[in-house]
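Dear colleague,

Please find below the structure that I am handing over to you, together with its sequence. I should be grateful if you would read the notes beneath with the model open.

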Amino acid sequence: MNGQTMLTTPDFTEITQTAAIKTSRHGNRAKCLQRLVRLDLPVPLSVALSFDTVRAIAQGKLPDMAALVGVFGKGILMSVRSSSQAADWGGPGTILNIGMNDKVAAKLAETHGPDAADALYLSFIRSYAVDVLRLDEDIFAGPITPRLAKTYFEDETEEPFPQDPKLQLTEVLRSMARAWEGTTARLLRQAQGAPADAGLGLVVQRVALGIGQGVSGSGVVQFVSAETGEPQVTGRYLPQGQGRAALSEEDAQFIERDDRGPALEDTSPETLTALTAAADLMRTRLREEMQTEFTLMNGELFILDAVRSQRSARAEVAIAVALAGDGILTKEEAVQRVAPGSLNQLLHRQVDEEAARDVLTRGIAAAPGAATGKIVFSAEAAQAAAAQGEASILVRRETQPEDIRGMHAAHAILTERGGMTSHAAVIARGLGLPCVSGATQLQLDLRKKTLTVPGRKIFHEGDIITVDGTSGDVLAGSAPLIEPALGGAFATLMTWADQLRDIGIRANADTVEDAEAAQRFGVDGIGLCRTEHMFFDPIRLTVMREMIFAEEPADRTAALERLLPMQRADFTELFKLMQGQPVCIRLFDPPLHEFLPVERDGIRALAEAMDMPVSRVAARIESLQEFNPMLGMRGVRLGITVPEIYDMQARAIFEATLAASEGGDPVVPEIMMPLVSAKREVELVKARVDAVAAAVHSESGRAFTYRLGVMVETPRAALRAGEIAESSAFLSFGTNDLTQMTYGLSRDDAGRFMSAYVQQGVFAEDPFQRLDTEGVGELLLLGAERGRQVRPDVVLSICGEHGGDPDSIAFSRAAGFDYVSCSPFRVPLAKLAAAQLSVVDK
């Protein structure tokens, strides 16, 4: 137990109820141990070394070792545990039984028996040799005696095994301090969000031997399920054991009585009662579900450590909601407990973490979730599989716009090329499909329809694989999957997030299926409906191609009139589904060549369908090719030069508005012009849209309302937002293209060098994954300011992939934007992030 008088030196501090222990100076574990002491729990004598002390040790400056060892007294064994500022930042592993030597071993042999003494001594020699001095582990493997182990030690180090506890502790502290400063440890903790100069504290603790004549042993226990967060006694107990060995030893016992084998409760029910009481106390006073490491010594309970209980994202949500339900947390605090990014694990199927994984290859984890299915190499094959009720994995070198229907039909997407912002990744996240991109080890033969990874068998179309878009793994065969959990605690958390957030959250939805997914998550409307995806249906694609090949305006109009009822039906269904909520429809954006084939077989098939010579079809396709399509004939430029397309879309929107408003809430559609860079572009398109609206009003005899706005995707549009806003009810910043044009960088090609740029500090983050608030952000702020100077009521929003990123939401709130819009499966993340920001500001 703790000493009667508190010992404090400049280098170390005994952990007592009143000691000046701070997480920022001594680390998370030291502070947690102090909280346990304050709860009068049976914590062994513990001493905390500060970050500064550990840094000094790494540089060769030792504390007063005689005083430190003297705290514990002669013949007392010690352990050293790491104590980083945040538990997730890790640290060197625990070293037990420091102070073990020939004299102590002889004494233990008298009190506990020679076998127990030998086991403890041998365990420490191995740990000291391998973990502290970094000697070869194999030297000390096998059934050897302490005497033989000491001989091996001396052979390797040319020095006898140290008998002085002070020297042993010195080497342990020095080893752990230097390990923390190593490159690997630094990179690992920085990956968890730790700053480069993060400190490490160390805790020296009196060892409570789990070895004795009475009920003795060690164990680890928590009282909630790590998977679901529901109440459940989980853990193991190892009689005559030490540390966390109970979690790995085969002869470990259960904690509570269990039909599968012996349990701690069988021999010491009072210990389980005491552990349950301690857990309840920690839950109430520390306001957290804790995992407890404990030791029994001749029936006496010692609590060595307590950390946040292990938990999945699903369990995290359940625990936070349960704590709030019991009045331990407020709903504001519960909302703050859950990391928005962790919700991905609840929204999608996941590979069971406990299952064996036969990893075929790895790529970039481009869209979360997991799916198992048969390999298909074309969009058509994916659609055919879906028609037969079979799950498929669409495998491509990289996806193209014409693959969209196959992507809808597939259960997951795997590409050889691309990155986080590739076409496949962006569309997959919007559809809620798992995606692994940039799996460069894949060798695809699309003619033979085979997939090969060096050193593995050849996979053919129809073979089964599993894509884990959360980890980036591609697994051979089927893997057990865990279903998403969208009810219960998750639904409660989302309700609280809706009550707390103060910025609108809309969804990007291109199809009715997308909108249905968005509605399940509860959105404030649709912030971006990309109409071009509606044209890739095989029937519509044929008509679209007829329009492209038409040489006269009248012929184009005739083809578009065949598309009109299809578009009208799309919009009518979408408006009805959204029940009067705002729906922002972006007019046609991509260049026309994206609807035409590029391969020889596709060109020949199109020539047959169009009843034209192959040469004429090839010539027309070639005439539409551009050197840089992203900056070419697309968006509003296409709408002005081929105005019949926008005329048809506007009529379809207005006629759908009337149809969907019958017997229900009135629909007020929002029509968005893409790729605008000049005021005159807006005026020209607005004039035609207004004319179509007047014609529909005249023909139907019914009035309706609509709002016309601009998608700000070019730097010039942001800079000239004031004059553009004169004719615009809203400005929606499309940060995907705005980032590309601001940087002069293609997001599809950026993956080739982006990692190097981030690693070398050129960019702090990939600007396509996290909004560049300094460069692109300045354009957003300028555009917002200039737009509202001219039109104070102009609605401002972000509708790119950045819309679901917590940092982008923080930026949008600070800039006074009205809403953000993101893919449906990022809506819960966005809502939670918005709620957390609102709570912090209050």
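The notes that follow concern the cysteines and one sheet.

Please bear in mind throughout that this is a predicted model.

Cysteines

The number of disulfides in the model is zero, where a disulfide requires two cysteine sulfur atoms within 2.5 Å. Cys529 takes part in no disulfide, and the nearest cysteine sulfur belongs to Cys584, 8.9 Å away. Cys529 has a relative accessibility of 0% and therefore counts as buried, the cut-off being under 20%.

Why does Cys822 not form a bond to the closest cysteine sulfur? That sulfur is in Cys799 and lies 11 Å from the sulfur of Cys822, which is too far for a bond. Cys822 is also buried, its relative accessible area being 1%.

The three-stranded sheet

Three strands make up an open sheet in the order 17-18-19, and their pairing is antiparallel. Its edges are formed by strand 17, covering 443–445, and strand 19, covering 458–460, each of which pairs on one side only. From one strand to the next, the twist averages 20°.

Strand 18 comprises residues 450–452 and is joined to strand 19 by three bridges, the two running antiparallel. Which residue of strand 19 is the bridge partner of Thr452? The partner is Ile458, and strand 19, to which Ile458 belongs, is one of the edge strands of the sheet.

With kind regards

Key: Residues numbered from 1 in each chain as written. Predicted model: local features only at pLDDT ≥ 70, side-chain atom pairs only at ≥ 80, totals over all residues. Heavy atoms only, no water. Buried < 20%, exposed > 50% of the residue type's maximum accessible area, 1.4 Å probe, protein only. Pairing = 2+ DSSP bridges. Helix = DSSP H or I, 4+ residues; strand = E, 2+ residues; numbered from the N terminus. Axes fitted to C-alpha atoms, helices over the stretch in contact; angles between N-to-C directions.
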